[in-house]
Amino acid sequence: MPANTNMRILVVDDFSTMRRIIKNILRQLGFNNIEEADDGSTGWEMLNKGGIDFIISDWNMPQMTGIEFLRKVRASEEFSDLPFLMVTAEAQQENIIEAVQAKVSNYIVKPFTAETLKQKIDKIFE
């Protein structure tokens, strides 16, 4: 089953250019309900306001990193099952293992194409 294009997506990245790139790709894929946060701490605040269906987060960020954000999301009763895609330049195997152990839904390494992002999202929601 393809992902619901009406779902509310939270894009978390400290670089506004990267957030814009991801948002543009998501719009190309038909997703238009997109929120932004500049680090995990801000993302956590937005998540707690409610209505977020899916998180796409960078790994390396100030305040709260993506892996810290993922662990906080998974530790919460309310958001423990929320789909979470980690987007990062960290392609080392130990990082992937760390993310999988923290129960990431899927993992994508920069740079990536719109098709790769679509495949990762489809895999999460199949």
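**Salt bridges, a buried leucine and a helix pair**

With a relative accessibility of 24%, Lys-110 counts as partly exposed: the cut-offs that matter here are under 20% for buried and over 50% for exposed, with partly exposed in between. The model described here is a predicted one, and Lys-110 is a convenient place to begin a walk through it. A cis peptide bond links Lys-110 to Pro-111, with omega at about -10 degrees. Pro-111 itself sits in the loop between strand 5 and helix 5.

What does the side chain of Lys-110 meet in a salt bridge? The partner is Asp-58, and the N to O distance is 3.2 Å. Lys-110 belongs to the loop between strand 5 (106-109) and helix 5 (114-125), whereas Asp-58 belongs to strand 3 (residues 54-58), so this pair ties together parts that are 52 residues apart in sequence. Asp-58 has a relative accessibility of 3% and therefore counts as buried, being under the 20% limit. Asp-58 and Lys-110 are also joined with Asp-13 into one network, through salt bridges that share partners.

How many salt bridges are found in a search of the whole structure? The search returns 8. One of the salt bridges is formed by Glu-36 and Arg-19, whose closest N and O atoms are 2.6 Å apart. Because Glu-36 lies in strand 2 (residues 34-37) and Arg-19 in helix 1, this pair ties together parts that are 17 residues apart in sequence. Glu-36 is partly exposed, its relative accessible area being 31%. A salt bridge also brings together the side chains of Lys-123 and Glu-126, at 3.8 Å from N to O. Lys-123 is exposed, and Glu-126 is exposed as well.

Arg-19 deserves a second look from its own side. Its place is in helix 1. Is Arg-19 buried or exposed? With a relative accessible area of 12%, Arg-19 is buried, because this value is under 20%. Once neighbours within four places in sequence are set aside, the contacts of Arg-19 are with Val-11, Asp-13, Asp-14, Glu-36, Ala-37 and Asp-38. Glu-36, the salt-bridge partner of Arg-19, is thus among the residues in contact with Arg-19.

Helix 1 (residues 16-28) is home to Leu-26 too. Leu-26 has 0% relative accessibility and so counts as buried. Which residues does Leu-26 touch, not counting those up to four places away in sequence? They are Ile-9, Val-11, Phe-31, Ile-34, Ile-56, Leu-117 and Ile-121. Val-11 therefore appears in the contact lists of Leu-26 and of Arg-19, with contact meaning heavy atoms within 4.5 Å. As for Ile-124, 98 residues away from Leu-26 along the chain, the C-alpha atoms of the two residues are separated by 15 Å.

The next stop is a pair of packed helices. Two packed helices are described by the angle between their axes and by the distance between those axes. For helix 2 (residues 40-48) and helix 3 (residues 66-75), the angle is about 25 degrees and the axes are 9 Å apart. Why do helix 2 and helix 3 count as roughly parallel to each other? The angle of about 25 degrees falls in the range under 35 degrees, and the two helices are therefore roughly parallel. The crossing of helix 2 past helix 3 is right-handed. On the helix 2 side the contact involves Gly-40, Gly-43, Trp-44 and Leu-47, and these residues meet Phe-69, Lys-72 and Val-73 in helix 3. Sorted by character, the residues of this contact are 4 nonpolar, 2 polar and 1 charged.

Finally, two loop residues stand out for their backbone angles. Gln-63 is not a glycine, yet its phi is positive, at about 65 degrees. Gln-63 is located in the loop between strand 3 and helix 3. With a relative accessible area of 70%, Gln-63 is exposed. Lys-103, also a residue other than glycine, has a positive phi near 70 degrees. The loop between helix 4 (93-101) and strand 5 holds Lys-103. Lys-103 counts as exposed, at 58% relative accessibility.

Conventions:
Residues numbered from 1 in each chain as written. Predicted model: local features only at pLDDT ≥ 70, side-chain atom pairs only at ≥ 80, totals over all residues. Heavy atoms only, no water. Helix = DSSP H or I, 4+ residues; strand = E, 2+ residues; numbered from the N terminus. Buried < 20%, exposed > 50% of the residue type's maximum accessible area, 1.4 Å probe, protein only. Salt bridge = Lys/Arg side-chain N within 4 Å of Asp/Glu carboxyl O. Axes fitted to C-alpha atoms, helices over the stretch in contact; angles between N-to-C directions. Parallel < 35°, antiparallel > 145°, perpendicular 65-115°, else oblique. Left-handed = near helix turned anticlockwise from the far one by under 90°. Nonpolar A, V, L, I, M, F, W, Y, C, P; charged D, E, K, R; others polar.
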